[in-house]
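Subject: Structure for you to look at

Hi,

Here is the structure I promised to pass on. Have a look at it first, and my notes on what turned up are underneath.

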Amino acid sequence: MADQPADKKLFENLSGAGKAIGVLTSGGDAQGMNAAVRAVVRMGIYVEAKVYFIYEGYQGMVDGGDNIVEVSWESVSSILQVGGTVIGSARCKEFRTREGRLKAAFNLIQRGITNLCVIGGDGSLTGANLFREEWSGLLEELAQSGKIEEEAVKKYVYLNIVGMVGSIDNDFCGTDMTIGTDSALHRIIEVVDAIMTTAQSHQRTFVLEVMGRHCGYLALVSALACGADWVFIPEYPPEEGWEEQMCVKLSENRARKKRLNIIIVAEGAIDSHNKPITSEKVKDLVVQQLGFDTRVTILGHVQRGGTPSAFDRILASRMGVEAVLALLEATPDTPACVVSLSGNQAVRLPLMECVQMTQEVQKAMDERKFCEAVRLRGRSFENNLNTYKLLSHRRPDAELPKDDLSCSTNFNVAVLNVGAPAAGMNAAVRSAVRVGITEGHNMFAVIDGFEGFARGQIKEISWGDVGGWTGQGGSLLGTKRTLPAKYLEKIADQMRANNINALMVIGGFEAYLGLLELSAAREKYDEFCVPMVMVPATVSNNVPGSDFSIGADTALNTITDTCDRIKQSASGTKRRVFIIETMGGYCGYLANMGGLAAGADAAYVFEEQFDIRELQANVEHLTEKMKTSIQRGLVLRNENSNENYTTDFIYQLYSEEGKGVFDCRKNVLGHMQQGGAPSPFDRNFGTKISAKAVQWISKKLKETYRKEEGKVFANTQDSVCLLGMRRRNLLFQPVVDLKDQADFVHRIPKEQWWLKLRPLMKILAKYKTSYDVSDSGQLEHVARHSPKEAETGAI
């Protein structure tokens, strides 16, 4: 979300009193739908609107009766972590007829519902828009037949529609991610990681078929996230003669001692003549041409199942709240809108613009205009594809830029990890090494950060050396928190000895401080006058200049999974409240977002100071909730949120004040938050951001190479940058310019976007609070980008 403007508009000024909102899920189910339903219900009740479940999608709306039920706050307790949709989803042929829509309109009018929140795919949302357009005509018809009074026609004169896209395929244009996509990627990556171990044991080739009849997003991103040898997607069919090319690549990889091959096939994959490419066809080809032991695994509905990821819970919760705001602010002239995600912002887009562009993608594919289809999918999809192409195929040495510095192409680039380990660091290193080699550079790995650099622990690293790194947690290069200041002379000596022409640093706040120190040392050491770039990687997500850091998503999922298990551990016991301490130093990102994803009642963070009165108010609030049917309470505390109100103190306070109503337990999650296999988001984010960083290095090297002296000399501020995600774009920012944005004492950015989501968590936990909606209410239009834009901007 954007920084808070001075003339902020607060949600408390809006009221839904007298309004009735119906919420339904339609089409295929997707993990996270329940989180969206929960957010709509609780936000609706918060603004004093009546909220109704419409069970079984449009079928329930047509059938009426017990399928449309008013719900309370408690109705959506304990559904946040449940996959699928608790209110059911069904295809409905009857709703496609005017007669069916007439019945649906009658059933809604009976309960005064004129605001519909529809969670589904493009078919479900298109049906909702048609219903809205016909609404006044349907009411007139009902009045003429005597089913409703003329007064009702005047009172319920127009229907408001707001959509949220629930689809694991991510096949809806206008949004970076649809609800359920991230969770589906989790299921796929879990299977791929498991398959990799068995495939290596037997030197096998695995062909994995994933969902995606019309959209290759799942196949493409999972291929990126696991380093697959080949991927087949509907939007980008392989060239003529692909059969031979694929077999050559597989046999080359096997000759390099790679013990397994992974091929990912989207279920809708086609060749350039629009003929299907099936997983069985690919398997038969490999067996016949190469004789490799090959197996097919079809993931099927496994991808739709399981608990939603932290990303999907937060996305769905934000979209649900935004959907209610959109319904409250709707007028008869407002077009039906869909709540979408752009970068890290929730935006509203006209529904039919998105549907039209989604249909244009299919039309382009039918007409074999595949480049157009990829462009229409959006910048995010195009970037994924370009990065995959860059990383998956090693160009023959003859095709690499020549080893001739007069061409200013062939340089020595060093990569190192600095700070604490973060899941996804290895994916970032792999990406940097392979893109660097593709750009014609010699890539060097530095072991154990700046400390290892000073000791000369530097070695050249090849394309094959980083194979299989994407799924590995921690830091395979080794990482230390040591800053370079006390080793400057030794590091300069090593830069000179190894002729290092550029540096890429992957890490957290220490990496940022390290680059500041190296930048300042340029006055004394010419060796540091080279392009340097930092890619943020830390579970704490506390780096100035970037909304996201590699590793934070994995840590967030660990916290969310643990909270789910902790809450489940108390099922069947009496009412219980859990106090959970998270990592993050002074940065409250993990506690706050973990609280939002796990449905916490409170999250204590350093950035929002609290006192004993607030603690007391929280205890009393929880005590009142526990007197209802609610049985579990969850309170998160960031480790350094307050030096006096410790986790023990809060645990004892809640224990004492809750006597007779609930008992208390506490958990300190500790270093488990830094461990584990990286999430799909962290693998993908690390891969793409790292690739972009190396491309920037190549550009800077060419700009700063002095041909007459035969060396690189970069001494400007913009040659030492941090590459960060800001709102909707990836930006290179000079590290010196970010000094004003950093709180160096507490090692956090001075302003953090996620603080604007704190009221959202409180609202969903039944607190009365104000919610800044300055960013809401602006209906945007679907952006159509040029091919050039995919190379700049968004990730």
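Before the numbers, one term: a cavity here is a set of grid points where a 1.4 Å probe fits but cannot get out. Please also keep in mind that this is a predicted model.

**Cavities**

With that rule, three cavities of 30 Å³ or more are counted. The largest cavity has a volume of about 500 Å³. Its lining takes in 29 residues, and if you want to find the middle of the largest cavity, go to M177, F311, L341, F548 and F681, which lie nearest its centre.

Which helix gives the most to the lining of the largest cavity? That would be α22, with five residues. Several helices share the job, though: α6 (181–202), α7 (217–226), α10 (310–329), α18 (552–569), α19 (589–598) and α22 (680–704) each supply at least two residues of the lining of the largest cavity. Sorted by class, the lining of the largest cavity holds 19 nonpolar, five polar and five charged residues.

The second largest cavity has a volume of about 40 Å³. You'll find it lined by R38, G595, L596, G599, A600, M761, L764 and A765. Two elements, α19 and α23 (758–764), give two or more residues to the lining of the second largest cavity. In terms of class, the lining of the second largest cavity comes out as five nonpolar, two polar and one charged. Note that α19 turns up in the lining of the largest cavity and in that of the second largest cavity.

**α6 and α22**

Two of the helices around the largest cavity, α6 and α22, also pack against each other at an angle of about 90°, with their axes 9 Å apart. Angles of 65 to 115 degrees count as roughly perpendicular, so α6 is roughly perpendicular to α22. On the α6 side the contact uses D182, L185, H186, I189 and D193, and on the α22 side P680, F681 and R683. By class, that contact of α6 with α22 has four nonpolar, one polar and three charged residues. One of its residues, F681, is also among those nearest the centre of the largest cavity.

**Pockets**

Now for the open spaces. The largest pocket holds about 1100 Å³ of space. It is lined by 44 residues, and A228, D229, K249, N253 and S392 are the closest to its centre. Helices and strands both contribute: α6, β7 (230–232), α8 (242–255), β8 (261–266), α13 (379–392) and α14 (425–438) give two or more residues to the lining of the largest pocket. The class split for the lining of the largest pocket is 17 nonpolar, 14 polar and 13 charged residues.

The second largest pocket has about 880 Å³ of space. Of its 34 lining residues, R91, G121, D122, G123 and S124 lie nearest the centre. Here α4 and α11 each supply at least two residues of the lining, and the largest share, five residues, comes from α4. For the second largest pocket, the lining has eight nonpolar, 15 polar and 11 charged residues.

**α4 and its neighbours**

Those two helices also meet directly. The axes of α4 (residues 122–144) and α11 (residues 351–366) come within 10 Å and cross at roughly 135°. That angle makes α4 oblique to α11, and the crossing of α4 and α11 is left-handed. From α4, the residues in contact are D122, L125, T126 and N129; from α11, L351, M352, V355 and T358. This contact of α4 with α11 has four nonpolar, three polar and one charged residues. D122 is worth picking out in the viewer: it is part of the contact with α11 and also among the residues nearest the centre of the second largest pocket.

What about α3 (residues 98–110) and α4, at what angle do they cross? Their axes come within 9 Å and cross at roughly 75°, so α3 and α4 are roughly perpendicular to each other. From α3 the contact includes R98, R101, L102 and A104, and from α4 it includes L130, F131, E134 and W135. Taken by class, the residues of the contact of α3 with α4 divide into 12 nonpolar, one polar and four charged.

Cheers

Conventions:
Residues numbered from 1 in each chain as written. Predicted model: local features only at pLDDT ≥ 70, side-chain atom pairs only at ≥ 80, totals over all residues. Heavy atoms only, no water. Axes fitted to C-alpha atoms, helices over the stretch in contact; angles between N-to-C directions. Helix = DSSP H or I, 4+ residues; strand = E, 2+ residues; numbered from the N terminus. Parallel < 35°, antiparallel > 145°, perpendicular 65-115°, else oblique. Left-handed = near helix turned anticlockwise from the far one by under 90°. Contact = heavy atoms within 4.5 Å. Nonpolar A, V, L, I, M, F, W, Y, C, P; charged D, E, K, R; others polar. 1 Å grid on protein atoms, 1.4 Å probe; cavity = no way out; pocket = protein on both sides within 12 Å on 5 of 7 lines; lining within 4 Å. Points joined across faces, edges and corners; volume = space filled by probe spheres on them.
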